[in-house]
Each structure stands twice: as structure tokens, then as C-alpha cells.
Amino acid sequence: MNGENRLNAKAKALKQGAIRAMFDKARTMDNVISMGIGEPDLATPAPICDACAEALQKGFTHYPPNAGLPMLREAVSKYGLPEPGLYAPNEIMITNGAMNALSLLMNILLEPGDHVMIQDPQWLNYASQIEYYGGIADKVPTDPEADFALRAETIRKYYIPGKTKALMINSPNNPTGHLMTRKELEDIAALAQELDLLVISDEVYNTLIFEDGEVLSIATLPGMRERTIVVNSFSKSYAMCGWRVGYAAGPEAIIDRMAKCQENFISGVNAAAQYAAAYALEHKELTVELTETFRRRREVAIAELKKIPGMKFTEPKGAFYLFPDVTAFGLDSKTFCDRLLDEQHVVCIPGSAFGSVGEGHIRIAYTATEEDIIEAMRRIKEFCAKL
Ligand SMILES: Cc1ncc(COP(=O)(O)O)c(C=O)c1O
């Protein structure tokens, strides 16, 4: 009588993600350097924490509205969208991180058996959420030879008339760091209009763009505003992962239903955290230091990775990930990462965890100090030399 027999089929099928499993193992070991975690290791800027304390003093201690505090919806409309005012406050919903925005969307959009197209490789949780809500995730292969670009003609092959409900895109991308180009986005936008597709654009890494990368959202392209839902969050841009504040912006009918759905599960998002998030958006300069820190780390990580013979990789322009091809070392990506952890105490994530196109690669998150990045790369080099 351990309760297992009382669970429904969906709950029984739930599995622990591959990333968590690696961390659980690492926790039992000494002197581990983690290049595995998709979270800034930096603290939230102090003024944002002060704003939260102020909110509590001011009495932001009550249930907030389901769609979010009006002050934050307004701040998102002005400062948190690809273009100021692209969506009005009533077209914006505040959520518990981007994850809650994505899961709410799946909850209100999908009928059992509906299909949603996602990129391969892609962040693990997309497919799990789609499947949990009865949908089918169609993994559209990106092109590893072209920096993991997503091509409109490939999307077309996966589109099933009458069954495909939406296309989810994520740029800059987790796990590849790929920043979609204007041409890529324009081609996808044209296809979305031709096929009457809804596009969910996850832009949580859009302040982490390097070199000459252009910050561009598909929602700003002609004819796309009304068929795009932009999802974003404070987690990566302001080092606020633990605050759990994010948002979705899109057509009012969809946003309105998300809020109604939220009412049944979570009565809104922590009010003081929302107040602090509004402060953060009004002080966008607070993202600059974090972006600069990652710019330097990216350079260090790339320079060190180049010193490893046989390691093949491009230099992605976004997020805080490198996604090198490790096939030259003769191990599949899971074995490579398991042995790297066992033998050198470095955590990297196997590319296969993100989809079959990810196999042969490992995800290296440069969310560690420069010193740790250098030491981790030294260990990876030593490991590769043994293979
Ligand atoms: C692509 C992508 N989307 C969404 C999220 C979740 O963000 P949040 O912390 O806002 O829920 C992550 C977190 O790693 C991510 O990589």
C-alpha cells in the first residue's frame, strides 16, 4: 500500500529528466565542477531584492489577480516585449516562470491527439508538457551542419493538416545556443501564415546575445503579431530563476483563457516578486552586467575548448551554452558524460537528452566562474586524450 496503485496513468508515466539524474549523481561526489546547469550562478541584482522587501513593507501580501499585477503587465508591455507596446497589458499574462506560461498554453490549446511541432534538439520539458496534456510532440530536425538552423521546408514536412496545432520555437536556443537569423525567421513566418499556424516563441534567453547577433522576435515580422505568443521570463536575464516570474503575450482570447485556467490551479504569482519584477523591467540596465559576465565567460570557454584536439564546434551567438560534437572520441553522448563525471568530476549534459539530433554532442553551460570553466576544460581535455 505505498500509494502507487492509486495513481492515474499519466502520473505513473512521469519520469525524472536526464539533467536532474546527472545532478543527483554529482551531489554524491567531491570536487565536482558543474557545466550542466541552465541557470546563472550570479545573485539577483541587489536593487531588485530591495524592491521586493519594499513591496512586502507596502502590503503586497494579498492574493494577486490571476493575470498578474496591473503594474507588471504594464511594465511588460512597455519594456518587456520585442517592441514597446507590441502587446497591450490586457494581452499579457504573468506566470510562474516561462514554464508555467508554456504549460498553461498546452493546457488550454490541446485536445487529445493534437500535434505540436518543436525543434530537435530542444529543451526537454517541451515534449513532456505536450504529452502530459494529451498532445503529440513532433520533433522537427534542425541542421547540425548549419549551426542547428530550423528550416521552413523541414517544418512543412512535419505539418499535418487538421492535426498540427502549433509550432514552438526557441531562440536563442537551449541546448544549442543557436540564434535564429532574420532569413530563418522570415521563412518560418511566411510558412506560418500560409499554413495558418500558431507560433509559440520562447525568448527566455533574449538578453544573452553575443557578437553581431540581431535581437529579433518572429512576433515583430509582418502578419505575425496576431498568430504569435511570446513567452519570456526574468529567470535568465536578471538571474531570478528562484523567483519564478515569467509571462506570455499574445492574442487576448488566449491570454484571457490562460488566466481563467490559472485560477483553478495557482492563484496568481507571488505578489512581492511581481512588484520586484516590474522594478527590474523599469531598470533594464540591470541586465547589462550579467550579459557582460557571460560574454567574458563565453570567450574563455570557446578559447579553452579550441585547445582540445578532436572537439568540433561552432560559436553560437546566444544563451550560455556550447554544444560541441564529440563523435571523434568514439563514445555516445550519454556514455561520454557519465564517464566524464565518474573519471573527471565534470558535469556536462548528453546531447541525446534533447532529442535524437542532439546525439553525438554534449551541452556545456558556461554558468560557472572563469576559473572553474578553465579547470573544467582542462579536465575535459585530459579525459578526451585518454579515449
Ligand atoms: C528554453 C527554456 N524555456 C523556458 C525555461 C524555463 O524558464 P523559467 O525559469 O522562466 O520557468 C528554460 C529553463 O531552463 C529554458 O531553457
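## Sheet, ligand shell and I255

Visitor: In which sense do strand β3 (residues 115-120) and β4 pair?
Guide: Strands here are DSSP E runs of at least two residues and helices are H or I runs of at least four, numbered from the N terminus. Two strands count as paired if DSSP finds at least two bridges between them. β3 and β4 share six bridges, with V116 standing opposite A137 in β4. Their sense is parallel.

Visitor: What kind of model is this?
Guide: Residues are numbered from 1 along each chain as its sequence is written. Local features need pLDDT of at least 70 and side-chain atom pairs count only at pLDDT 80 or more, while totals for chains, interfaces and linings use all residues, as the model is predicted.

Visitor: Which strands stand at the edges of the sheet?
Guide: It's an open sheet of seven strands with mixed pairing, in the order β2-β8-β7-β6-β5-β3-β4. Two strands have just a single partner each, so one side of each has no neighbour in the sheet: β2 (92-95) and β4 (136-141).

Visitor: How are neighbouring strands turned, and what angle does helix α4 make with β2?
Guide: Angles run from 0 to 180 degrees between N-to-C directions, with axes fitted to C-alpha atoms (for helices, over the stretch in contact). Ignoring direction, neighbouring strands are turned by 20° on average. Helix α4 (residues 70-79) packs on the sheet, touching β2 and β8 (246-249); contact means C-beta atoms, placed from the backbone, within 7 Å. The angle between the directions of α4 and β2 is about 115°.

Visitor: Which helix gives the most to the shell around the ligand?
Guide: A residue is near the ligand if its C-beta atom, placed from the backbone, lies within 6 Å of it. Of the 13 residues around the ligand, G97, A98, M99, S233 and S235 come nearest. With three residues, the top contributor is helix α5 (residues 97-109).

Visitor: Is I255 buried or exposed?
Guide: I255 is found in helix α9 (residues 252-265). Leaving out residues up to four places away in sequence, I255 touches E91, I92, M93, A248 and G250. The cut-offs are 20 or more other C-beta atoms within 10 Å for buried, 12 or fewer for exposed, and partly exposed in between, with C-beta atoms placed from the backbone. I255 has 26 such neighbours, so the verdict is buried.

Visitor: What share of the residues of the protein count as buried?
Guide: The protein has 13 helices and 12 strands. Its C-alpha trace spans about 60 × 60 × 55 Å along the principal axes. Of its 387 residues, the buried share is 49%.

Conventions: Two residues are in contact if their C-beta atoms, placed from the backbone, lie within 7 Å.
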